[in-house]
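Subject: Structure handover

Hello,

Here is the structure you asked for. Please open it alongside this note; the findings follow below.

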Amino acid sequence: MRIGGRSILHVDMDAFYASIEQLDNPEYKGKPVIVGADPKGGKGRGVVAACSYEARKFGVHSALPISRAWKLCPQGVYVRPRMKRYADVSAQIMEVFRRYTELVEPLSIDEAFLDITGSIALFGVPEQIALSIKQEIRERTGLTASVGLAANKFVAKIASDIKKPDGFMVVQEKDVGAFLRDLPISRLWGVGPKTEHRLHELGFRTIGELAGAEREWLVRSIGSLGEHLYQLSRGHDERAVVPNWEPKSISSETTFDEDTDNRELLLRTILELADHVAERLRNDNYRAGKVTLKLRYSSFSTHTKQHSLDRQIQTGEEIAAVARSLFAQFPLKQKIRLIGVAAGDLHHEGHDPRQLPLFETSSDTKEKLSHTVDEIKEKFGADALRRGSQLL
Ligand SMILES: [Mg+2]
């Protein structure tokens with residue numbers, strides 16, 4: 001069966017963290033499992049990292065405040081994340097992917113795009129490859145994945161989501177229009193709440209409506225994003241599967257049990273967070289050229305300041321020193337709810353940074369990459385991109 005010019009898979013594990021908890025603790029099977037911060041009897045202040053399908057029935061979802069989850073589902077099984085275990089399973093899954101193609105682009109710990117166009121001669125038709133991957137993941141990890149198969153990334157990603165959990169959906173090129181037509185415009189890659197609102201104002205609610213818009217008018221109305229969205233709405237997406245993209249930043253943040261303006265506590269926390277970040281940098285062999293400090297006040301207003309360095313740093317002390325000087329620039333007019341430290345402008349050790357894909361790619365590709373990042377953030381909350389060193 002011909003899918004089109006390319007055969008792209010989007011593979012996404014089902015309720016990944018929660019499914020691992022249910023796998024490792026059979027007594028959790030069939031129960032609403034909520035992975036995240038300590039709910040502290042409804043007084044906890046972090047967020048839900050992930051939850052099982054049983055928990056979703058109560059309205060619980062990732063990035064929801066844990067206190068809210070507790071209200072919605074007090075009978076849930078609340079567990080702290082075990083990032084090391086999740087990362088181990090993730091490595092197994094990525095290994096399965098790479099048996100079928102070298103063109104694997106991880107989007108997060110539990111999902112990836114695979115370009116299997118060149119694998120057909122060796123492994124069979126695309127549908128067969130997709131099913132083999134699903135089966136192999138289940139055999140190796142005991143977990144289920146959902147898979148979308150299409151001629152491009154955009155359609156494959158939507159397809160994997162349609163029949164979750166344990167889903168498999170093929171969208172042939174001739175069916176793309178009908179497949180996208182009734183989906184809300186928020187499904188378009190790059191449409192955040194702001195753009196969604198603007199498109200609603202212009203009278204567009206579904207992808208099909210946007211596909212019928214006049215292209216030049218759309219670009220005039222919403223700017224350069226208009227061209228991108230017009231193409232996506234018609235199911236056109238030429239983006240390549242880019243293997244092994246580098247993380248844009250490594251960050252760590254924490255929500256205080258009680259809002260605080262205790263300067264000493266804040267400075268000490270900055271050092272702890274910086275140490276966390278530094279540990280991840282060293283584990284992954286990165287040095288950072290930029291430090292960002294994030295503060296959320298009691299009022300929930302959130303602010304960041306960043307500083308680019310003329311050198312690259314890797315130790316907790318160095319990162320903390322920069323973060324503290326950024327902290328000094330914030331007025332402490334309100335108590336602080338959350339504080340975070342991020343290391344950006346990452347350079348892999350022992351390489352010329354300009355040889356890294358992230359740095360050598362055209363600005364076009366960088367833009368696409370930031371779209372990816374934004375999309376993940378929009379879908380899962382900013383927490384989704386943190387790499388397991390966070391204090392939940
Ligand atoms: Mg997933």
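A term before the findings: two strands count as paired if DSSP finds at least two bridges between them. Please also keep in mind that this is a predicted model.

**The five-stranded sheet**

One sheet is open and has 5 strands, in the order S5-S6-S1-S7-S8. Its pairing is mixed. The edges are S5 (104-108) and S8 (168-170), each of which pairs on one side only. Direction ignored, neighbouring strands in this sheet are turned by 15 degrees against each other on average.

Now the pairs. S1 (residues 8-13) runs antiparallel to S6 (residues 111-115), and 5 bridges link them. Leucine 9 has leucine 114 of S6 as its bridge partner. Valine 11 is partnered by alanine 112, again in S6.

On its other side, S6 meets S5. These two strands are also antiparallel, joined by 4 bridges. Glutamate 105 stands opposite phenylalanine 113 of S6. The connection from S5 to S6 is a hairpin through 2 residues.

How enclosed is S6? Of its 5 residues, 5 are buried, so the strand is largely enclosed by the rest of the structure. In a regular strand, side chains alternate between the two faces of the sheet. Both faces of S6 are covered. Glu111, Phe113 and Asp115 are buried on one side, Ala112 and Leu114 on the other.

**Helices on this sheet**

Helix H4 (residues 83-100) lies across S1, S5 and S6. Its direction is about 155 degrees from that of S5. Helix H7 (residues 153-162) also packs on the sheet. H7 touches S1, S5, S6, S7 (145-150) and S8. Its direction makes about 145 degrees with that of S7.

**The magnesium site**

Which residues hold the magnesium ion? Asp12 (OD), Met13 (O) and Asp110 (OD) coordinate it, at 2.2 to 2.4 Å. Along the sequence, the donor residues follow the spacing D-M-x96-D. Aspartate 12 and methionine 13 are both buried. Both of these residues also fall within S1, which covers residues 8-13.

**The three-stranded sheet**

There is also an open sheet of 3 strands, ordered S3-S2-S4. The pairing here is mixed too. S3 and S4 (77-79) are the edge strands, and each pairs on one side only. The twist from one strand to the next averages 25 degrees.

S2 and S4 run parallel and are joined by 3 bridges. Valine 33 stands opposite valine 77 in S4. Helix H1 lies across S2, S3 and S4, at about 120 degrees to S2.

**H1 against H4**

Two packed helices are described by the angle between their axes and the distance between the axes. Here are both values for this pair. The axes of H1 (residues 16-24) and H4 come within 10 Å and cross at roughly 100 degrees. That crossing makes H1 roughly perpendicular to H4, because angles of 65 to 115 degrees count as such.

Which residues meet? From H1 they are Phe16, Tyr17, Ile20, Glu21, Leu23 and Asp24. From H4 they are Met83, Arg85, Tyr86, Val89, Ser90 and Ile93. By class, the contact has 8 nonpolar, 1 polar and 3 charged residues. H4 also lies across S1, S5 and S6, while H1 lies across S2, S3 and S4.

**Backbone points to check**

Three places deserve a look on screen.

- Lysine 164 and proline 165 are joined by a cis peptide bond, with omega at about -10 degrees. Proline 165 sits in the loop between H7 and S8.
- Alanine 15 is not a glycine, yet it has a positive phi of about 40 degrees. It belongs to the loop between S1 and H1. Alanine 15 counts as buried, because its relative accessibility is 7% and the cut-off is under 20%.
- Lysine 40 is not a glycine either, and its phi is positive at about 45 degrees. Its place is the loop between S2 (33-36) and S3 (48-51). Is lysine 40 buried or partly exposed? At 39% relative accessibility, lysine 40 counts as partly exposed.

Best wishes

Notes:
Residues are numbered from 1 along each chain as its sequence is written. This is a predicted model: local features need pLDDT of at least 70, side-chain atom pairs count only at pLDDT 80 or more; totals for chains, interfaces and linings use all residues. Side-chain values use heavy atoms; hydrogens and water are left out. Axes are lines fitted to C-alpha atoms, for helices over the stretch in contact, and angles run from 0 to 180 degrees between N-to-C directions. Contact means heavy atoms within 4.5 Å. Donors are N, O and S atoms within 2.8 Å of the metal (3.2 Å for Na, K and Ca); water is not among the atoms, so sites may look incomplete. Buried means under 20% relative accessible area, exposed over 50%, partly exposed in between (1.4 Å probe, protein chains only). Angles under 35 degrees count as roughly parallel, over 145 as roughly antiparallel, 65 to 115 as roughly perpendicular and the rest as oblique. Ala, Val, Leu, Ile, Met, Phe, Trp, Tyr, Cys and Pro count as nonpolar, Asp, Glu, Lys and Arg as charged, and the others, Gly among them, as polar.
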